[in-house]
Amino acid sequence: SAILSRALGFVGTYGGLAHLALMYRKPSVSFYAQWGGTAIGHKHLADAIAISFGVAHQVLKVTDIGLLQHVLPTLSLQPSAQSTGAADHVFTSTPSV
């Protein structure tokens, strides 16, 4: 949490760290592969925290990469070296010339 408190923002999987980022008033983009096992109330809580603190936050399904590519055209989703599914992909960005 000490690192997150000094970070500019959070990009990662949706869960406790994404909520912690909001509590530190850090903008965040978090991802999930399948929603199962997480109560929708947790997402509503994250939305309420973000609105209350005036912090930008978005929770996206990993397959929504197309949306991100629209606003960040150099972003791509690549399988990790030991990929076993959608949650094992990494985002990469090609620098603009």
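Which exposed residues does the face of H3 turned away from its buried side carry? They are Ile-51 and Ser-52. Keep in mind that this is a predicted model, so a look at confidence comes before the rest of H3.

**Confidence**

The protein averages a pLDDT of 80, and 75% of the residues score at least 70. Among its elements, these two mark the ends of the range:

| Element | Mean pLDDT |
|---|---|
| Helix H2, highest | 94 |
| Strand S5 (residues 89–93), lowest | 52 |

Where pLDDT is low, the predicted coordinates should not be read in detail. Strand S5, with its mean of 52, has the lowest value among the elements.

**Helix H3**

Helix H3 takes in residues 40–53, 14 residues in total. At 1.5 Å a residue they should span 20 Å, and the end C-alpha atoms are indeed 20 Å apart, so the geometry agrees with expectation. Buried in this helix are Lys-43, Ala-46, Ile-49 and Ala-50. These four cover an arc of only 120 degrees around the axis, which means they sit on the same side of H3. Part of what covers them comes from helix H2 (16–23) and strand S3 (57–61). Right after H3 comes Gly-54, with a positive phi near 65 degrees.

**His-19, over on H2**

Now for a residue of helix H2: His-19. Its relative accessible area is 14%, so His-19 counts as buried, the cut-off being under 20%. Setting aside neighbours within four places in sequence, His-19 is in contact with Tyr-14, His-42, Leu-45 and Ala-46. One of those partners, Ala-46, is also among the buried residues of H3.

Terms used:
Residues numbered from 1 in each chain as written. Predicted model: local features only at pLDDT ≥ 70, side-chain atom pairs only at ≥ 80, totals over all residues. Heavy atoms only, no water. Helix = DSSP H or I, 4+ residues; strand = E, 2+ residues; numbered from the N terminus. Expected span 1.5 Å × (residues − 1). Buried < 20%, exposed > 50% of the residue type's maximum accessible area, 1.4 Å probe, protein only. Arc of directions from axis to C-beta. Contact = heavy atoms within 4.5 Å. pLDDT = per-residue confidence, 0-100.
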